[in-house]
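Biologist: Before I take any labels on trust, I would like to hear the grounds for each of them. Show me the model and we can go through it.

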Amino acid sequence: MSNHLYDALFAPHAGSDAPFLYVSEGSTISYSAFLSMAAQFANAFKALGLVPGDRVAVHINKSPQALALYAGCVQAGVIFLPLNTAYTASELDYFVGDSGAALFVCDPSEADALAEIAREKNCALLTLAGDGTGTMADLMSKQIDTAETAHRVENDIAALLYTSGTTGRSKGAMLTHKNLSSNAQALVDEWRFTSGDVLLHALPIFHSHGLFVATNVMLLAAGSMIFLPKFDVETALARLPDATAMMGVPTFYTRLLDDARFDKDMTSHMRLFISGSAPLLAETHERFAERTGHRILERYGMTETSMNTSNPYIGDRRAGTVGFPLADVEVKVCDPVSGGELDRNEIGVLEVRGPNVFKGYWNMPEKTKEELRPDGFFITGDLALIDMDGYVHIVGRGKDLIISGGYNIYPKEIELFLDDLDGVLESAVIGAPHPDFGESVIAVLVAEPNTALDVKAIEDAAKRDLAGFKRPRWIEVVDALPRNTMGKVQKKLLREQFSSVFQHEAG
Ligand code: MLC
Ligand code: AMP
């Protein structure tokens, strides 16, 4: 049976003994071994009674098995829903409930804490640890290693990726088989990936960057990946000599530059360094070029669209720009009020259209309508201009968003959480420049009348309920929030006031 994404990314590797994943030194997983694991997962889903279109939520550590579980979902036609490993139980409760997941796969260490959520949501709970053990692993190991591939067409949903929203409620972006296959193809072509490439893969695999940009591209190119559980400078430096390319968020590159061993000699064999998910400072781009002789190739994308633009592989990679639209992707800069297209060099909201643009938000037709125009253009919420040479510059955000180390944080979500705490009258959450994470989170709080705020209790509550990267790293208690004549909190003033609080934090 035909399955659009499986046929594009996985089926061509049947019977191939070529290396796919270099796990630790000396341990390699071939393409055929990987496909066998995927088929066992697909059979395990069937054994659990899952049918195409069901959602499988996963909250597990990065491992070859975790990646094979994604492949198994595609083969079985079930929708893959990966979740940030930093999420706490109270955050997970929403995703499992909203998606109506039929199966929730978590790390064994958290199975007890999540059992109640699974029971309430009427969803099966199985476990998979980073070392490949757990009840999901037990079930899959009992299955045969070939599976029937479920019939899926271009417009069927392959994955549901939650992205936070300005209203504080996360939205599940529905990504279709065609969204993912077309974007992988455009990137392989643009970046010239081939079966000779070895990608240093140190990104998490629960987001678009590590899962789709990195993994799907390498699958399509039939290349291989040095598959690291997470990014750390020591391991990256040790494994870099075996790689030809690397993808990362800007924090990866600033951390590497902070290490004197990272120099021309260490990188002379590399073909390509790619950056995205957050703005790469022009200064970092230049420092990198000076130190290594390589110009980092910066690209721009979003969960809802996968990748939209890229600096050129051949040609001028310009610092501070995100390059040109990818093949088949249209971009335009529009007036935020009228929606009319603006001229070159004028700043407005970036809109994109193409086969990469998602199908809409899960169970949120109204939200979908607000952001996806009837003619197919998606309103990104990013402020941009297109210069006279056609390069796109992301110059700011129309949406209230903080990006810390490549993770998005929507202030509204944190404000709703803080406002609910004892003694807090109101709060404003802002981002400030951070030398390691690019930006980091500040909470400005106002206490209820005649109340002394217990900041330690607030920190403890944040630790319990919020993923680590979302927690305010600086809390300030003030008498009142600055407001304009309309009563709106003037975050710009707060950003100015607290702009240097992280200045001296080490990377
Ligand atoms: C971890 N911590 C962070 C953080 N990551 N704090 C702020 N911002 C972050 N990004 C906190 C933890 O909660 C913990 O806090 C402490 O730092 C140490 O945790 P760690 O796991 O050891 O951190 P570290 O390994 O240093 O992680 C930093 C990082 C990682 C930059 C390597 O965050 C990372 O891999 N980021 C990549 C994000 C990414 O893939 N984004 C793509 C999104 S897709 P405490 O208090 O508990 O000690 C997308 C579309 C597109 O945006 O265009 O690509
Ligand atoms: P996410 O919601 O995690 O998909 O994050 C997408 C957002 O990250 C975009 O809307 C941009 O604001 C930002 N982003 C991604 N890549 C870049 C980049 N190269 N430069 C600036 N911002 C970026």
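Modeller: Keep in mind that this is a predicted model. Around ligand 1 there are 23 residues, and those that come nearest are Arg255, Ser277, Arg299, Ser404 and Gly406.

Biologist: What makes the pair between ligand 1 and the side chain of Arg299 a polar contact?

Modeller: A polar contact needs N or O atoms within 3.5 Å. An oxygen atom of ligand 1 is 2.7 Å from an N or O atom in the Arg299 side chain, so the pair qualifies. For the side chain of Arg255 the distance from a ligand oxygen is 2.9 Å. At Gly405 a polar backbone atom lies 3.0 Å from a nitrogen atom of ligand 1. The protein buries 74% of the 1000 Å² that ligand 1 exposes when taken alone.

Biologist: How do you know that ligand 1 lies between domain 2 and domain 3?

Modeller: Domain 2 (198-400) and domain 3 (402-497) both give residues to its shell, so ligand 1 lies between them. Helix H10 (250-257) is one of the elements that supply at least two residues; H10 gives the most, with three.

Biologist: Why is the length of helix H2 said to agree with what is expected?

Modeller: H2 covers residues 31-47, and at 1.5 Å a residue its 17 residues should span 24 Å; the end C-alpha atoms are 24 Å apart, which agrees.

Biologist: What makes H2 mostly covered?

Modeller: Buried means under 20% relative accessible area, and 13 of the 17 residues of H2 are buried. After H2 comes Gly49, with a positive phi near 90°.

Terms used
Residues are numbered from 1 along each chain as its sequence is written. Chains are lettered from A and ligands numbered from 1 in the order in which they are written. This is a predicted model: local features need pLDDT of at least 70, side-chain atom pairs count only at pLDDT 80 or more; totals for chains, interfaces and linings use all residues. Side-chain values use heavy atoms; hydrogens and water are left out. A residue is near a molecule or strand if one of its heavy atoms lies within 4 Å of it. A polar contact is a pair of N or O atoms within 3.5 Å; within protein, one must be able to donate a hydrogen and the other to accept it, and residues adjacent in sequence count only if both atoms are side-chain atoms. Accessible areas come from the Shrake-Rupley method with a 1.4 Å probe; for residues, only the protein chains shown count as cover. Helices (H or I, at least four residues) and strands (E, at least two) are DSSP runs, numbered from the N terminus. Domain bounds come from an automatic or database domain assignment. The expected span of a helix is 1.5 Å times one less than its number of residues. Buried means under 20% relative accessible area, exposed over 50%, partly exposed in between (1.4 Å probe, protein chains only).
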